[in-house]
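User: Hi! Could you walk me through this one? I'll throw short questions at you as we go.

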Amino acid sequence: LIIQDRDFLMALLRTVIIVVIVVPVEFLLGLGLAFLFLEKFPGKKFFHSLLLMPMMIVPAVAGFTFYMLFQGAGPINAILSKIFMTDVFIPWLTKSGWAMVSIMIVDIWEWTPLMFLILLSGLMSLPEDQINAAVILGASRWQQFHKVIFPLLKPVFTIALIIRGMEAVKIFDPIWIMTTGGPGTATESISVYMYKHGFKYLKWSWVSAGGILIMIIISIISIYALKPIKEREEQAA
């Protein structure tokens, strides 16, 4: 059985770790940027376009770009050496912990703009009268967010997290290009595991079973996550 395969379970665990870390980070960064771009400032349109560019780049290209940046003698270590004024050598792609960090950095860099776009759209759709009423009553920024903005945008937040979470589970290109799942199997996600077992070991039944299992898990999580939104719609009706 595939659920008794230690490599499969470890790949699943690594995928969960990646999703649990990158999705909240992308959400928080996207939310902060969305609030920032609600204000008017010089060059807003330019920076808005610049911020969305990583999302437009093919994941394989992003993976190769960061593969070059994270080389031992690459630009990242060189910049860090300049900043700290000493020789800095971080084995970004050759040590298991650093390899996972480098992959997460790529994912956060590429997909924070998606969170930003979704959350900015949600914030721009808020009714101004409720926000203005909170301001008149003397509510602080945190109180405005906690008492007004968060309840109104909770469905948007939930959908953004679910969409990004489902996409993060499928992470493949950056891992395959940067580390090929290595060193060893330290960065092997569930997608890399199934790719190897399908195209390298030709275990198609194994891959099919794994794919169905992952689909069931994601479906169950999504149903429970969307349940509060459905109940809210039923109450409103």
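Analyst: Happy to. One definition before we start: a residue is called exposed when its relative accessible area is over 50%, and buried when that value is under 20%. By that cut-off L1 is exposed, because its relative accessible area is 70%. Please keep in mind that this is a predicted model.

User: Thanks! Where does L1 lie?

Analyst: L1 lies in the segment before α1. In space, L1 and K196 are 17 Å apart, C-alpha to C-alpha, with their positions 195 residues apart in sequence.

User: Zooming out, how many helices and strands are there?

Analyst: The chain has ten helices and zero strands. The C-alpha atoms fill a box of roughly 65 × 55 × 25 Å along the principal axes.

User: And what percentage of the residues is buried?

Analyst: Buried residues account for 39% of the 237 in the chain. As for contacts between residues at least 6 apart in sequence, 69% of them join residues at least 24 apart.

User: Let's do the core. Which residues have the most contacts inside the largest nonpolar core?

Analyst: Those are V22, I149, F157, I190 and Y193, in a core of 43 residues. Elements giving two or more residues to this core include α1, α2, α5 and α7. The largest share, ten residues, comes from α5.

User: What is V22 in contact with, leaving aside its neighbours within four places in sequence?

Analyst: V22 is in contact with M104, D107, I108 and A168. There is also a second, separate core of ten residues, and V88, W92, L93 and M178 are among them.

User: Helix packing next. At what angle do the axes of α7 and α10 cross?

Analyst: They cross at roughly 175°, and the axes come within 10 Å. Angles over 145 degrees count as roughly antiparallel, and therefore α7 and α10 are roughly antiparallel to each other.

User: Which residues make that contact?

Analyst: On the α7 side, the contact includes P151, L152, K154 and P155, while α10 contributes residues including I214, I218, S222 and R232. By class, the residues of the contact of α7 with α10 are twelve nonpolar, two polar and two charged.

User: How about α3 and α5, what's the crossing angle there?

Analyst: The axes of α3 (residues 59–69) and α5 (residues 96–124) cross at roughly 130° and come within 10 Å. That angle makes α3 oblique to α5. The crossing of the two is right-handed. P59, A62 and F66 of α3 meet I105, V106, W109 and E110 of α5. This contact of α3 with α5 has six nonpolar residues, no polar ones and one charged.

User: Now backbone oddities. Which peptide bond is cis?

Analyst: The bond from G182 to P183 is cis, with omega near 0°. P183 sits in the loop between α8 and α9. T180 is found in the loop between α8 and α9 as well, and phi of T180 is near 50°, a positive value in a residue other than glycine.

User: Is T180 buried or partly exposed?

Analyst: T180 counts as partly exposed, because its relative accessibility is 38%.

User: What about L202, what is its phi?

Analyst: Phi of L202 is near 60°, a positive value in a residue other than glycine. L202 lies in the loop between α9 and α10, and at 57% relative accessibility L202 counts as exposed.

Conventions. Residues numbered from 1 in each chain as written. Predicted model: local features only at pLDDT ≥ 70, side-chain atom pairs only at ≥ 80, totals over all residues. Heavy atoms only, no water. Axes fitted to C-alpha atoms, helices over the stretch in contact; angles between N-to-C directions. Helix = DSSP H or I, 4+ residues; strand = E, 2+ residues; numbered from the N terminus. Parallel < 35°, antiparallel > 145°, perpendicular 65-115°, else oblique. Left-handed = near helix turned anticlockwise from the far one by under 90°. Contact = heavy atoms within 4.5 Å. Nonpolar A, V, L, I, M, F, W, Y, C, P; charged D, E, K, R; others polar. Core = buried A, V, L, I, M, F, W, Y, C linked by side-chain atoms within 4.5 Å. Buried < 20%, exposed > 50% of the residue type's maximum accessible area, 1.4 Å probe, protein only.
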